[in-house]
Amino acid sequence: MEESPRLTHITVSIGNEIASKKESISCVVGRDIKISDRYLVNYCRRQLERSDLDLLVVASSVAFADRTAVRRHHIGWSRSFCLQIPVFAHSLWRSSNVLNPLRDCLFFLTGDSWNFEFVPRQDRKPSQLNLLSHIKGRAEVIPFSGGLDSFVAAKSYLHENPDERPILASVTNAQSKRFVEGCAPILGTRAYPLRFPISFRNLYHPEPSYRTRAFLFFSLAALAAKLADSNSVIIGENGQGALGPSLIPCGPEQSHTSTHPAFTARLANFLTSLGWARPAFSHPNIWRTKGEALAGLALQCGLNGIELTVSCSRDTDRAKGRGVPLHCGVCPNCLLRRLALYAAGVTEFKESYLWQDLSSSELEMQEVPGSRPMTPTDARVASQAVFEHRDLAAVDVGYIGSRRPYVIREIAQGLAADESTVTTQLRRLLIRHREEWNSFLKQAGADSWIARLCKGGADDCS
């Protein structure tokens with residue numbers, strides 16, 4: 001019989017309002033988590049309510065627990081948390097009408113059990129935040145991570161809506177800052193950059209999976225949309241990234257659902273339980289591969305600025321040394337980027353990767369001054385990336401429909417679409433991925449290290 005995960009207690013406090021319980025991990029807002037709600041000042045068409053301030057604390061506390069409190073066990077994925085959090089709207093947060101959708105949303109995203117004990121927070125009058133006069137018209141929010149999908153979503157929206165000015169919401173790190181500042185001349189003055197108001201003291205996090213990032217990121221994007229009176233959040237993720245991980249489970253690991261429509265629907269349920277008008281999360285590229293989205297943008301308005309985007313999931317400065325290329329070239333994100341660029345026929349620029357040559361018989365790094373030797377971890381990351389794309393190319397929608405019908409049902413419910421339409425669209429998406437992947441393998445060559453991982457050649461992945 002499988003043993004239940006040990007319950008981890010976390011006590012969140014605002015300064016010295018609440019003392020930490022015995023055998024509880026302490027999280028102090030202002031020390032471990034910094035929240036600067038003033039960053040939202042330019043986007044508010046209404047007063048920031050107490051429950052809005054509570055959401056900032058709750059979302060950041062969940063992220064703290066996920067990344068810092070306890071690592072996942074090597075033989076089990078799930079963990080169990082109990083968070084004590086001070087909130088202004090005490091009776092609201094303690095209601096089962098809020099607790100149940102909150103726990104459901106987090107369980108679906110992380111696979112962990114989440115329990116909450118909300119306690120009264122010393123009252124304060126929320127600041128009256130004034131809207132700057134230059135923000136006019138619709139202000140839809142586009143989460144802006146710095147990758148290709150963010151770039152495609154923003155540039156496509158601006159092209160299709162020449163009279164609108166969206167809010168580009170980004171996390172506060174050097175990569176996103178570089179991306180937003182670099183894209184400013186390309187996007188002109190038609191987009192409002194919004195810096196998210198939450199940061200964490202510790203740069204080192206024991207648990208790397210960080211599934212709650214989407215909960216934090218999209219909750220804040222939805223809050224920005226609410227304050228701007230639009231309630232609209234545009235998720236730019238392609239179909240391979242949004243749906244693919246949920247179709248190819250990896251051992252005991254919870255399926256990756258950070259941009260899955262079933263997650264954003266659950267998040268909308270939770271935020272609506274706080275008394276909001278229901279947030280409208282849209283997924284404009286969910287039935288397109290990343291390559292198709294890029295090709296569509298190229299035809300629509302060109303790819304100027306694509307060289308500023310960064311897709312790599314690995315911190316190359318920390319993992320490989322300073323001065324190395326921004327893209328490792330072989331992690332799942334990098335491999336999908338390269339696959340998309342090839343599928344879209346993008347030849348305008350040549351990108352540099354730490355592992356540049358995909359056609360070589362062995363996985364070999366570039367000789368870059370300051371880089372470190374290749375490690376077994378590097379080889380595992382590259383192998384896993386190939387397996388993910390290979391396995392997605394082998395998915396049979398008919399098998400899913402008969403053996404795992406809940407997969408189709410979850411997508412349909414998340415998109416408010418009928419299951420037959422979802423089945424047809426999903427089949428087309430998977431066939432297109434298979435075609436792109438096999439073409440990519442053939443271009444790498446039958447003797448390449450990628451083809452060898454696919455058991456000897458491109459045809460083996462058909």
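The accessible surface of the protein comes to about 20700 Å², and 49% of that area belongs to carbon and sulfur atoms. The model from which this value was computed is a predicted one. Of the 462 residues of the protein, 53% count as buried, and the chain is organised into 16 helices and 11 strands. When contacts between residues at least 6 apart in sequence are considered, 76% of them join residues at least 24 apart.

Two pairs of helices show how parts of this chain meet. Two packed helices are described by the angle between their axes and the distance between the axes. In the pair formed by helix 6, which covers residues 213-227, and helix 8, which covers residues 261-273, the axes come within 11 Å and cross at roughly 55 degrees. That angle makes helix 6 oblique to helix 8, because an angle that is neither under 35 degrees, nor over 145, nor from 65 to 115 counts as oblique. The crossing of helix 6 and helix 8 is right-handed. On the side of helix 6, the residues that take part are Ala214, Phe215, Phe218, Ser219 and Ala222, and they meet Phe263, Thr264, Leu267, Phe270 and Leu271 in helix 8. Sorted by character, the residues of this contact between helix 6 and helix 8 comprise eight nonpolar and two polar, with no charged residue.

Just ahead of helix 8 in the sequence, the loop that links helix 7 (239-247) to helix 8 holds His260. The relative accessibility of His260 is 1%, so His260 counts as buried, the limit for that class being under 20%. Which residues surround His260, once its neighbours within four places in sequence are left aside? Those in contact with His260 are Ala242, Leu243, Ser246, His283, Glu410 and Ile411.

The second pair consists of helix 11 (residues 332-343) and helix 15 (residues 419-444), which pack at an angle of about 90 degrees with their axes 10 Å apart. Helix 11 is therefore roughly perpendicular to helix 15, a description that applies to angles of 65 to 115 degrees. Helix 11 contributes Leu335, Arg338, Leu339, Tyr342 and Ala343 to the contact, while helix 15 contributes His433, Glu436, Trp437, Ser439, Phe440 and Gln443. Here the residues of the contact of helix 11 with helix 15 divide into six nonpolar, three polar and two charged, whereas the contact of helix 6 with helix 8 has no charged residues.

How values were computed:
Residues numbered from 1 in each chain as written. Predicted model: local features only at pLDDT ≥ 70, side-chain atom pairs only at ≥ 80, totals over all residues. Heavy atoms only, no water. Axes fitted to C-alpha atoms, helices over the stretch in contact; angles between N-to-C directions. Helix = DSSP H or I, 4+ residues; strand = E, 2+ residues; numbered from the N terminus. Left-handed = near helix turned anticlockwise from the far one by under 90°. Contact = heavy atoms within 4.5 Å. Nonpolar A, V, L, I, M, F, W, Y, C, P; charged D, E, K, R; others polar. Buried < 20%, exposed > 50% of the residue type's maximum accessible area, 1.4 Å probe, protein only. Areas by Shrake-Rupley, 256 points an atom, 1.4 Å probe, with all protein chains shown as cover.
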